Amino acid sequence: MSRARTFADLATASETGSLASRNLVDNGNFAVHQRGGTITGLGDPNLDRWKTVDSGNIDELAIEITQSNDTPDGIGEGYSLKYQTKTVESAVAADEFVSLNHHIEAQNLASLCYGTSSAKFITLSFHVKSSLTGTFGFNIYQEDGGDIIGGTYTISSADTWEKKTLTFEGNTGDAIAYDNTNGFRLQWGLWIGSNYTGTSNTSWSAYANAKRFNGHTQNGLATTDESTWQIAFVQLELGEVATPFEHIDYATNLAKCQRYLQKWLADTGNDSFGAGHFWSDTTFIAEYHLQNTMRSPPALTFDGSFVCGSTGNDRTASNSGINRATKEQVQIQGNIPDNDEVGKPFFYRAASSDADAFILFNAEL
């Protein structure tokens with residue numbers, strides 16, 4: 001059978017659903033956004049499983065990142081991730097960069113057979129739309145072995161959705177560990193200085209800064225309140241052909257994302273997070289069972305006001321943090337005003353005045 005016929009059969013099969021779970025990218029349609037809202041600032045997490053990474057030395061550039069319902073026609077339901085420049089940097093210094101990153105857990109890449117003579121080709125496809133035309137760099141960094149490979153794509157028409165496809169050879173030199181650490185970093189260049197653009201990266205080789213975004217020439221965040229860059233329907237799959245985007249149901253998409261991030265959010269004041277007991281006159285312990293098993297015991301971020309409610313008397317909770325955590329549950333410990341109710345139960349909950357309190361459980365790569 002010819003290669004062309006094989007590719008055609010693969011595409012047909014994908015449309016009928018027999019090539020399920022082929023997309024190695026989580027939340028490739030940007031539908032899950034547990035953090036919510038608009039993201040501002042470099043280095044901030046974006047929608048679930050996506051984040052902006054920068055060199056840490058950019059002084060002026062300010063961007064706004066949103067979940068947009070502007071998507072290309074004919075693909076199906078989903079969202080795009082949209083960047084818009086709010087304050088422009090006066091110039092791109094040689095040692096500056098801003099990129100959009102997606103990290104893939106190592107054990108999810110087992111089918112690639114890297115580090116063997118059977119290492120497989122992979123193909124990346126995505127839709128992109130930008131107010132600025134030109135050539136943009138992309139790379140895949142493999143954590144195990146410290147190897148990198150990359151390529152470029154060109155935006156030909158401003159403010160127009162275009163589909164891009166990049167195919168990469170398998171890495172026969174270095175294997176990917178079968179564990180829960182970082183396997184791949186997918187990196188789309190947005191604002192790239194010359195230190196990162198000058199050395200060929202079209203074959204797997206040892207990482208060097210100059211290989212990171214080789215060939216990148218257009219800085220897509222260059223005009224205040226006008227520059228935009230959007231991406232939608234991202235798919236990374238085995239083989240040398242891009243098949244149609246794989247739509248999965250929202251519940252499955254959310255569950256995949258919750259392996260890395262979960263959010264408890266109060267809908268109204270007094271919403272209960274979990275039960276606990278007073279450990280001493282001034283400390284408490286409360287327990288929460290996570291919605292899905294996480295990649296690793298999570299770190300916690302608290303926002304808002306919380307209380308320990310018992311026998312009709314709310315004690316203000318302060319200094320809340322992890323007592324101990326596993327991938328399935330978390331114990332929270334904190335302080336309360338002095339009381340004489342050691343051992344008594346309570347509900348750890350949002351204060352009556354705070355309907356927007358939340359806790360983030362973070363096990364991101």
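Which residue in S9 is the bridge partner of Thr123? In this predicted model, that partner is Thr167, and the pair offers a convenient way into the architecture. The model is a prediction, so to speak, with its own ground rules: local features need pLDDT of at least 70, side-chain atom pairs count only at pLDDT 80 or more, and totals for chains, interfaces and linings use all residues. Residues are numbered from 1 along each chain as its sequence is written, and side-chain values use heavy atoms, with hydrogens and water left out.

Confidence comes next. The protein chain has a mean pLDDT (the predictor's confidence in each residue, from 0 to 100) of 92, and 95% of its residues reach 70 or more. Over residues 12-18, pLDDT stays under 50; for this stretch the model has seven contacts (heavy atoms within 4.5 Å) beyond four places in sequence.

Thr123 and Thr167 belong to an open sheet of six strands, in the order S1-S3-S4-S12-S6-S9, with antiparallel pairing. Its edge strands, S1 (39-40) and S9 (162-168), each pair on one side only. Strands here are DSSP runs of E, at least two residues in length, numbered from the N terminus, and two of them pair if DSSP finds at least two bridges between them. Strand S6 (residues 122-130) runs antiparallel to S9, and seven bridges join them.

A further open sheet has seven strands in the order S18-S17-S21-S14-S15-S20-S19, again with antiparallel pairing. At its edges lie S18 (313-316) and S19 (318-325), each paired on one side only. From one strand to the next, the twist averages 30°, where axes are lines fitted to C-alpha atoms and angles run from 0 to 180 degrees between N-to-C directions. Within this sheet, S14 (residues 272-278) and S21 (residues 345-350) share five antiparallel bridges, with Ala275 opposite Phe347 in S21. S19 and S20 (residues 329-335) also pair antiparallel over five bridges; Arg324 stands opposite Gln331 in S20. Three residues lie between S19 and S20 in the hairpin that they form.

Finally, the largest pocket (on a 1 Å grid over the protein atoms alone, an open set of points where a 1.4 Å probe fits, with protein on both sides within 12 Å along at least five of seven lines) has a volume of about 220 Å³, taken as the space filled by probe spheres set on the points. Its lining residues, which have an atom within 4 Å of a point, are Ser21, Asn23, Leu24, Val25, Asp26, Asn108, Lys256, Arg259 and Tyr260. They divide into three nonpolar, three polar and three charged.

Conventions:
Nonpolar A, V, L, I, M, F, W, Y, C, P; charged D, E, K, R; others polar. Helix = DSSP H or I, 4+ residues; strand = E, 2+ residues; numbered from the N terminus.
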